[in-house]
Amino acid sequence: MWSFLALLTAGSGKMPPFQLSAVCFAIGSIPGLGVLVLKPARLALLKQPAKVWITGIAGLFGYHFLYFTALRNAPAVEAGLIAYLWPLLIVVGSALLPGERLRWYHVAGALAGLCGTFLIVGRNGINFDGAYAVGYGAAFLCAFTWSGYSLLTRRFEAVSTDVVAGFCLVTSILSLFCHLGLEATVWPATMFEWIAVVGLGLLPVGAAFYAWDYGVKNGDIQILGAASYAAPLLSTLFLTLFGFAEPSWRIALACLLVTGGAVLAAQDMFRRKSQAQPAVAE
């Protein structure tokens with residue numbers, strides 16, 4: 001679902017970031033709210049400590065505002081791939097958690113991802129193109145925002161995924177207030193743009209959050225971080241296929257570096273798997 005985020009955002013027209021965020025999160029909250037309506041007893045699960053709500057809203061609201069801003073101010077492929085440094089940051093960040101150690105391949109993987117990022121944004125060597133500085137900066141910030149949110153969410157494993165519906169709804173309301181105070185309203189101009197907006201709300205800004213919340217609380221976060229690097233590869237492919245970007249050796253090599261860095265940083269995952277196989281056979 002997240003691999004469609006850049007494509008659908010690029011196809012959603014000229015809606016300003018806060019307005020787009022408000023509409024998409026309102027749509028994204030509908031599935032979770034529907035469950036709460038059908039099962040009213042689950043409403044009690046929304047009563048959580050303030051730190052849970054602050055983390056969830058800061059993660060969802062902060063990341064997507066920055067992401068939409070990045071795609072409005074930089075080429076979609078470059079901005080999308082920079083933003084997708086978050087899986088690498090999760091892999092490296094999780095290695096610093098209690099019980100984990102930072103090894104050479106974590107550092108090497110991070111450096112490979114950094115090299116890929118320089119390759120994406122560099123127009124003349126490693127120099128930034130000043131025309132896209134705002135978009136690149138927003139993309140970097142959203143990578144750190146989402147990786148931080150995911151690592152903090154791991155601490156709230158006892159919190160039900162039902163709360164995500166509340167995160168989405170509050171994020172939608174905050175985005176609406178910001179839109180009314182800071183932006184001019186611009187609605188989609190074509191049916192295709194409306195379809196893109198609804199698609200954003202249902203999938204990458206909707207159902208994907210519920211799945212991710214359950215995954216980081218109940219799964220292996222390093223495996224999730226490494227596996228998430230399938231998304232930027234698919235995202236780049238979709239953008240190219242639908243005409244929002246042109247294929248180039250620079251983007252191909254950047255994909256290889258960033259994705260290869262994530263795989264390298266996740267060596268512990270592969271070692272655990274190889275060690276477990278003999279036991280299973282026995």
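1. At what angle do H4 and helix H12 pack, and how far apart are their axes? In this predicted model, H4 and H12 (residues 249-265) pack at an angle of about 10°, and their axes are 12 Å apart. Angles under 35 degrees count as roughly parallel, and H4 is therefore roughly parallel to H12. On the H4 side the contact is made by Val77, Glu78 and Leu81, and on the H12 side by Arg250, Ile251 and Cys255. By class, this contact has four nonpolar, no polar and two charged residues.

2. H4 (residues 76-83) also packs against helix H7 (residues 133-153): the two axes come within 7 Å and cross at roughly 25°. H4 and H7 are therefore roughly parallel to each other. The crossing in which H4 passes H7 is right-handed. H4 contributes Glu78, Ala79, Ile82 and Ala83 to the contact, while H7 contributes Tyr136, Ala139, Phe140, Cys142 and Ala143. Eight residues of the contact of H4 with H7 are nonpolar, none is polar and one is charged. Glu78 is listed in the contact with H7 and also in the contact with H12.

3. The third packing of H4 to note is with H3. The angle between H3 and H4 is about 150°, and their axes are 8 Å apart. Angles over 145 degrees count as roughly antiparallel, and H3 and H4 are therefore roughly antiparallel to each other. H3 passes H4 in a right-handed crossing. Tyr63, Tyr67, Ala70 and Leu71 of H3 make the contact with Ala76, Ala79, Gly80 and Ala83 of H4. The classes in this contact are seven nonpolar, one polar and no charged residues. Ala79 and Ala83 of H4 are listed here and also in the contact with H7.

4. How many cavities of 30 Å³ or more does the model contain? The count comes to two. The largest cavity has a volume of about 70 Å³, and the second largest has a volume of about 50 Å³.

5. Which helices each supply at least two residues of the lining of the largest cavity? They are H3 (50-73), H7, helix H8 (163-182) and helix H9 (191-218). The largest share, three residues, comes from H3. The residues that line the largest cavity are Val52, Thr55, Gly56, Tyr149, Thr153, Phe156, Val159, Ser160, Val163, Phe167, Asp213 and Lys217. By class, six residues of this lining are nonpolar, four are polar and two are charged.

6. The second largest cavity is lined by Trp2, Leu5, Tyr63, Tyr84, Trp86, Trp146 and Phe209. This lining divides into seven nonpolar, no polar and no charged residues. Tyr counts as nonpolar in this scheme, so Tyr63 and Tyr84 are included among the seven. Tyr63 is a point of connection between two parts of this note: Tyr63 is one of the residues lining the second largest cavity, and Tyr63 of H3 is also listed in the contact with H4.

Note on methods:
Residues numbered from 1 in each chain as written. Predicted model: local features only at pLDDT ≥ 70, side-chain atom pairs only at ≥ 80, totals over all residues. Heavy atoms only, no water. Axes fitted to C-alpha atoms, helices over the stretch in contact; angles between N-to-C directions. Helix = DSSP H or I, 4+ residues; strand = E, 2+ residues; numbered from the N terminus. Parallel < 35°, antiparallel > 145°, perpendicular 65-115°, else oblique. Left-handed = near helix turned anticlockwise from the far one by under 90°. Contact = heavy atoms within 4.5 Å. 1 Å grid on protein atoms, 1.4 Å probe; cavity = no way out; pocket = protein on both sides within 12 Å on 5 of 7 lines; lining within 4 Å. Points joined across faces, edges and corners; volume = space filled by probe spheres on them.
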